[in-house]
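Let's walk through this fold together, one piece at a time. Keep the model open as you read.

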Amino acid sequence: MKVNARGLTLDELTNHIIALGEKPYRARQVYHWITAKAAQSFDEMTDLPKGLRAKLSEVFSLELPEVIEIQTAQDGTTKFALLLKDGEVIEMVLIPERDHFTLCVSSQVGCSMGCKFCLTARSGFKRNLETWEIISQVVLAKRWLKERGESLPLRNIVFMGMGEPLANYTNLVQSLKILADHEGFNFSRKRLTVSTAGIVPKIWALAKDFPTALAVSLHSADQSLRDYLMPGVKQYPLSDLRESIKAFPRIKNGRTTIEYILLKDINDGEEHAEKLYRFLKGLKVKVNLIPFNPHPELPFKRPEPERVEAFQRYLLNRGILTTVRKSKGLEISAACGQLRRRVLSPNSFQAVSAEGASSICV
Ligand code: SF4
């Protein structure tokens, strides 16, 4: 079976290419083509002899998932449904910012964390993505931008799409190494963000193995409420989570992002803000408040703007950097898991409200 070269680090690719009787510098050339230049085939690698290109294509695959649906919202946020070899579908979202693009990638097909406010959780967990399937999302985004003649660069990669990245730890770390390699994609580690529901032992592991920017989905600083909202991480107490956030290395003195989805009358009151403040006091963090976007299949409501503002003000007045996330791309299937579901079951689209459902990513 052919090895998909997109899942290999430069060192691994070099070993393969030396084993084929070729010089190591050929590996560097190939690596540059498949990462920075987002090549789709060996034929594009015009600085390689034809014979070598043929030889490489017998050993390596450069296969990419198939883009089966693209939806672009008025603000330019673009959501892609990608068909994998085994018939599974994942999503990625490309988000235009002032001077660059951010790509939100999936790390698993489905998710086992069971967060009560998340549509992806409803479909359960199917499987982990292979490294090449994670990297392919970046390649497809780069190709899409290039085909459109976009001048702004793809600068940020956030692991906030479908799945819990730390539950696919080995492939996550391999992907981060490939994305950060100066001879390839060359993303700054500060611009690679791993977002976790709070798998504490893996946060410690990432801190040691390959620290990047970190985002933690907290959603409540009350243990029993958090256990209810996020049953997949209830074995990790908030006190342990806090310790792991505190100790996590900060790339270029950055702050850990705390994601907090605001659910009307569930976690949006002053008492919740107070608990959150006590949890965050002394940590180098910024809080991202995400007012919930209702969906017919989810039992929560969106708080009124005044309540969101009061929550934000409570934290700001106590010195906690706090922003409210503007939902982007609301008129498309904006929630994590929503486009996938629509593609797999087209009739279900009728039931989706125009406003879209909860999303951590957009
Ligand atoms: S919010 Fe994230 S961690 Fe929770 S179920 Fe959804 S995809 Fe999984």
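Start with the first two helices: helix 1 and helix 2 are oblique to each other, a word kept for angles that are not under 35 degrees (roughly parallel), over 145 (roughly antiparallel) or 65 to 115 (roughly perpendicular). Before going on, a word on what you're looking at: this is a predicted model, where local features need pLDDT of at least 70, side-chain atom pairs count only at pLDDT 80 or more, and totals for chains, interfaces and linings use all residues. Residues are numbered from 1 along each chain as its sequence is written.

Helices and strands here are DSSP runs numbered from the N terminus (H or I over at least four residues for a helix, E over at least two for a strand). Two packed helices are described by the angle between their axes and the distance between the axes. For helix 1 (residues 10-19) and helix 2 (residues 24-34), the axes cross at roughly 130° and come within 8 Å. Those axes are lines fitted to C-alpha atoms, for helices over the stretch in contact, with angles running from 0 to 180 degrees between N-to-C directions. The crossing of this pair, helix 1 and helix 2, is right-handed, meaning that the near helix is turned clockwise from the far one by less than a right angle, where anticlockwise would be left-handed.

Who does the touching? Helix 1 brings Leu-10, Leu-13, Thr-14, Ile-17 and Ile-18, while helix 2 brings Pro-24, Arg-26, Ala-27, Val-30 and Tyr-31. Contact here is a matter of C-beta atoms, placed from the backbone, lying within 7 Å. Sorted by class, the contact of helix 1 with helix 2 has eight nonpolar, one polar and one charged residues. For that sorting, Ala, Val, Leu, Ile, Met, Phe, Trp, Tyr, Cys and Pro are nonpolar, Asp, Glu, Lys and Arg are charged, and the others, Gly among them, are polar.

Now for the sheet. It is an open one of 10 strands in the order 3-4-5-6-9-10-11-12-13-14, with mixed pairing; strands pair if DSSP finds at least two bridges between them. Strand 3 (66-72) and strand 14 (322-324) are at the edges with a single partner strand each, so one side of each has no neighbour in the sheet. From one strand to the next, the twist averages 20°.

Inside the sheet, follow strand 9 (residues 154-159). Strand 6 (residues 101-104) pairs with strand 9 in the parallel sense over four bridges, and Leu-103 has Ile-157 of strand 9 as its bridge partner. Strand 9 also pairs in the parallel sense with strand 10 (residues 192-196), over three bridges, where Val-158 is partnered by Thr-193.

Back to helices: the axes of helix 5 (residues 131-147) and helix 6 (residues 169-180) come within 9 Å and cross at roughly 40°, which makes this pair, helix 5 and helix 6, oblique. Thr-131, Ile-134, Ile-135 and Val-138 of helix 5 meet Asn-171, Gln-174, Ser-175, Ile-178 and Leu-179 of helix 6. That contact of helix 5 with helix 6 has five nonpolar, four polar and no charged residues.

Finally, the ligand. Of the 13 residues around the ligand, Cys-111, Met-113, Cys-115, Cys-118 and Ala-121 come nearest, a residue being near if its C-beta atom, placed from the backbone, lies within 6 Å. The shell around the ligand has nine nonpolar, three polar and one charged residues.

Conventions:
Contact = placed C-beta atoms within 7 Å.
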